[in-house]
Amino acid sequence: MRIDIFTLFPQWFGWFFEQRHITNAMQSGELTVRLLNYRDHTPLRHNQVDDTPCGGGAGMVLRVDAVCAALEAVYDAPCDRVRNRRPVYLLSPRGRRLDSGVLDELGDGDGFTLLCGRYEGFDERISEHMASGELSIGDYVVSGGELPAMVVVDALARRLPGALGSDESALYESFSDELGGELEYPQYTKPAEFRGWRVPDVLLSGNHAEIEAWRKRHTGAPGEAGD
Ligand SMILES: C[S@@+](CC[C@H](N)C(=O)[O-])C[C@H]1O[C@@H](n2cnc3c(N)ncnc32)[C@H](O)[C@@H]1O
């Protein structure tokens, strides 16, 4: 899978790409991530990529001509056709909310492109004419699309074979088919008792059938705390 990320701040990803599960996924060849800087392709003087909002107001808006030029330079195709070749998602608080089902869809194909906004966001024509859709990481606003892009890449990378220490970790986790789309049961580790707080006896019993039954009982529906 190849994920292309257009950004004004590629340096934000430095730390992210040093993390073990990301490097594992990339080294295994399962994941390729390209960072592409809008500024490297802008036709405007002084590397300009944004401008003041039409109609007035605070902040700066990413320009349609700058984003179009970046897409055309990278994909060698008219910017309004790129989405016919591969999905192009604009990251935006108003986008489709990311959840496990959306990730399933994103993970199904060969890859996609993410457009990170900054400042006041994108000129609307970018969404209308270049994007296949918009993705949101939740109903709040962060300063740029870089963190949302990392959320998308992280959540997909951990599902790829070899990314985690054990492939089982991603198989049996909250929202997985193996847990019926529900939330994972509570986990405990040593010590068995700390300040009088005990690990449930059944988990120390070695009785696998009872442990499984306990875990099943404590697997919760999304939106509910485990009982
Ligand atoms: C400061 S935000 C712009 C917010 C915009 N003016 C608004 O009120 O909706 C700048 C950029 O951060 C990204 N962003 C912020 N919050 C996001 C979210 N919840 N999900 C996805 N992207 C987000 C988007 O790329 C957005 O263009």
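# Reading helix α2, the core and the ligand shell

User: Which residues of α2 are buried, and what makes them count as buried?

Analyst: In this predicted model, the buried residues of α2 are A66, V67, C68, A70 and L71. A residue counts as buried if 20 or more other C-beta atoms lie within 10 Å of its own, so each of these five residues meets that cut-off.

User: What covers them?

Analyst: The cover over the buried residues of α2 includes strands β1, β2, β4 and β6, with helices α3 and α5.

User: How do you know what span to expect for α2?

Analyst: Helix α2 runs over residues 64-75, which is 12 residues. The expected span is 1.5 Å times one less than that number, so 16 Å is expected. From first C-alpha to last, α2 reaches 16 Å, close to that value. Just after α2, D76 takes a positive phi of about 50°.

User: What makes a set of residues a nonpolar core, and which have the most contacts inside the largest one?

Analyst: The members must be buried, of the listed nonpolar types, and joined through C-beta atoms within 7 Å. The largest such core has 41 residues, and V67, L114, L115 and M130 have the most contacts inside it. Its largest share, six residues, comes from α6.

User: Why is L114 said to be in contact with L91?

Analyst: Contact requires C-beta atoms within 7 Å, and L91 is listed for L114, so the pair meets that limit. Other contacts of L114 include I3, I5 and V152.

User: Which residues come nearest the ligand?

Analyst: Of the 20 around the ligand, L91, G117, G121, G145 and P148 come nearest. Strand β5 gives the most to this shell, with four residues.

How values were computed:
Residues numbered from 1 in each chain as written. Predicted model: local features only at pLDDT ≥ 70, side-chain atom pairs only at ≥ 80, totals over all residues. Near = placed C-beta within 6 Å. Helix = DSSP H or I, 4+ residues; strand = E, 2+ residues; numbered from the N terminus. Buried ≥ 20, exposed ≤ 12 C-beta atoms within 10 Å, placed from the backbone. Contact = placed C-beta atoms within 7 Å. Lists of a residue's contacts leave out its neighbours within four places in sequence.
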